[in-house]
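Please follow this explanation with the sequence and the 3D structure side by side, pausing at each residue as it is named.

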Amino acid sequence: MEASPLTLQSRPESFKPKIVQLYENLFKTQTQLLFTRAIREAAAGVAPADSYALDTLTIFLTSILGKKYTNPSSDVITVLAGLDEVDHVISDFVAVLDGIIRSGKSFDVRLKAIRTAVAMTSGACKTSLVSYLTHRDLFPSLMKYVSESDTPMRVFDPFLLLGLLANYNKFEFQNPYQLRLDDFVNESSIEKIAKGVGLACGGLRNGYIAVQDDIPEGWNLTNTLIFFGLRAFAPGAREKANPPTAEEAKAIFAELQVFSEYHLLFLTNIIPVLPKKPQFSWQHTTSQTPTSYSATIFHAIAITLRLLTHLSKNKIRLTYHWSELWRTLLSLMRFLTTYASDLTTNPKIQTLTSSLADLIAFCVSGGDTFLPDPSSYDDLFYKLVETGPIISKFRAAYAFTSSSTSRAEPGVEQTVAAIDTLQSVSTHFYTLLFHSEGGDAAAAAAAASPKPDEPASVPLPSIRKKNLSPREVHRIIRQGYDTLSIQPPEGLSTWAKWREAEWKSELKKAARCAVDDARQLVA
């Protein structure tokens, strides 16, 4: 018997209407044609079609790669090029972007090519398509763009792309961009990148401050007249916008890009481009809900301590707005003391308070090795004396006493020594400033070091309290150096070598956040 020409097809898991299948094939063909046509127009270099093509590619990739797929790699490949043409199409796509970034006709077109690459890298991070960008080395083209850029603000996008590529599966294979960065020694490009990242971070900081600016407004003619009920006579008086509620502020902050604390690593190069009187980020975050942002502030404090120990070790005297830093650090100590009952339940608070005490103690004991002039050092002691009994209350609130050195947490003994250093300095200058003889000296010491269970600070003795001008206070502080004995806490400037592999999970989490932010940036 002859075999039947009919064949039995396997039964599909689910039946799909023919019209649906036809439309799927049509849209798949159209998206592939759109992708290849846009690549071809971008490669042609004919203005303005090349610019429009890059815009189209960025929007197209953001839309396609932003969707969820059952099998990300194979599904995205099918949509963009098809399994048979993927090597040719994606390799051509990456080569076109490389050429435009390297030698495009204008900076705007080159920047658009970089943003298209960011859209591909951030959107396809869970697929194998990013491997095409690692196989084709974009590093020389990106560095050429950086070296030829005429403003630091143009540096952010190539640095973002480089960061995404350098962190792609870097723990799973030898990432070529990591090797490139390890060998990179071009100082002019490094300085441009640092300044560009600094300006970008400054813009992010200003975005946060614009939501809820908590810096007190200075006195002027207008607000003085308003204060005394004479609004009608106030020049240019207008109603001040009401600050957002806690829920409104939270929603607005969520819309802003993540203000990553790691940009402080660039601080030594960023300092020249910061405003002369900066509004430090943690000074604003602490004015919000007390338990919020403690992790960010902790990292900022810890990195600042590392930077200052580096300056001290290498005897680098840095011109900087130190007075603002002293005020911010001591304001943070006052804030942590005031809200201690709310903050002690935060698992990060012990680390934050320890880092803050260590940082201030290091500035007191080693400030003469990195501060540019004696007046900056004098100002630190002046503000420390102004703080008054806060140091003792801070120590009591967070149990930094000699009996706490037996606790299991690492670094407690070092922090107790740091607090003791601050307390002895405060007591020393209180005694000099507010005593005459005998009992007055004892009262001054009691004012500087109240007992933990005292409801209020001991009143300062009045013998000099009303008669000292700021100039006289500074003079007494300088004279007090001769009789001041500071025991630098051990271990403040000793750091264990940082090993990336030990922080693999944290770094992967940070990389995922950066990828999500980059995807939103180009969307």
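**A walk through the chain**

Leu336 lies in helix 16, and this residue makes a useful starting point in what is a predicted model. With a relative accessibility of 2%, Leu336 counts as buried, because that value is under 20%. Which residues does Leu336 contact, once its neighbours within four places in sequence are left aside? They are Leu343, Ile349, Leu352, Thr353, Leu356, Phe394 and Tyr398. Leu336 also shows how the fold brings together residues that are separated along the chain: Ala397 is 61 residues away in sequence, and yet the C-alpha atoms of Leu336 and Ala397 are separated by 9.0 Å.

The helix around Leu336 can be considered next. Helix 16 covers residues 322–338, which makes 17 residues, and from its first C-alpha to its last it reaches 24 Å, close to the 24 Å expected at 1.5 Å a residue. Is helix 16 mostly covered or mostly open? It is mostly covered, since twelve of its 17 residues are buried. Leu336 is one of these buried residues, and among the others are Trp322, Trp326, Leu329, Met333 and Phe335. The buried residues of helix 16 also include Glu324, Thr328 and Thr337.

From helix 16 we can step back to the loop that lies between helix 15 (294–313) and helix 16, where Lys315 has its place. At 58% relative accessibility Lys315 counts as exposed, because the value is over 50%. The phi angle of Lys315 is near 55°, a positive value in a residue other than glycine. Such a value deserves a remark, because most residues other than glycine have a negative phi.

Helix 15 itself contains Arg306, which counts as partly exposed because its relative accessibility of 39% falls between 20% and 50%. Leaving aside its neighbours within four places in sequence, Arg306 is in contact with Trp495 and Ala496. In addition, Arg306 and Leu359 are 53 residues apart in sequence, while from C-alpha to C-alpha they are 9.0 Å apart in space.

Now turn to an earlier part of the chain, where two helices meet. Helix 4 (residues 86–103) and helix 5 have axes that come within 8 Å and cross at roughly 145°, and helix 4 passes helix 5 in a left-handed crossing. On the helix 4 side the meeting residues are Phe93, Leu97, Ile100, Ile101, Arg102 and Ser103, and on the helix 5 side they are Val109, Arg110, Ala113, Ile114, Thr116, Ala117 and Met120. Sorted by class, this contact has nine nonpolar, two polar and two charged residues.

One of the residues in that contact, Arg110, repays a closer look. Arg110 lies in helix 5, which runs over residues 107–123. Is Arg110 buried or exposed? It is buried, because its relative accessible area of 5% is under 20%. Leaving aside its neighbours within four places in sequence, Arg110 is in contact with Ile100, Ile101, Arg102 and Ser103, and also with Gly104, Lys144, Tyr145 and Glu148.

Two further places in the backbone are worth finding. The peptide bond from Ala47 to Pro48 is cis, with omega near -5°, and Pro48 sits in the loop between helix 1 (18–44) and helix 2 (49–65). For comparison, most peptide bonds are trans. Further along, Asn169 is found in the loop between helix 8 (156–166) and helix 9 (176–182), and its phi is near 50°, a positive value in a residue other than glycine. Asn169 counts as partly exposed because its relative accessibility of 34% lies between 20% and 50%.

Finally, consider the chain as a whole. It has 25 helices and zero strands, and buried residues make up 41% of its 523 residues. Among contacts between residues at least 6 apart in sequence, 75% join residues at least 24 apart. How many disulfides does the structure hold? It holds zero. As for individual cysteines, Cys363 is buried, because its relative accessible area of 1% is under 20%, whereas Cys513, at 41% relative accessibility, counts as partly exposed.

How values were computed:
Residues are numbered from 1 along each chain as its sequence is written. This is a predicted model: local features need pLDDT of at least 70, side-chain atom pairs count only at pLDDT 80 or more; totals for chains, interfaces and linings use all residues. Side-chain values use heavy atoms; hydrogens and water are left out. Helices (H or I, at least four residues) and strands (E, at least two) are DSSP runs, numbered from the N terminus. The expected span of a helix is 1.5 Å times one less than its number of residues. Buried means under 20% relative accessible area, exposed over 50%, partly exposed in between (1.4 Å probe, protein chains only). Contact means heavy atoms within 4.5 Å. Axes are lines fitted to C-alpha atoms, for helices over the stretch in contact, and angles run from 0 to 180 degrees between N-to-C directions. A crossing is left-handed if the near helix is turned anticlockwise from the far one by less than a right angle, and right-handed if clockwise. Ala, Val, Leu, Ile, Met, Phe, Trp, Tyr, Cys and Pro count as nonpolar, Asp, Glu, Lys and Arg as charged, and the others, Gly among them, as polar. A disulfide is a pair of cysteine sulfur atoms within 2.5 Å.
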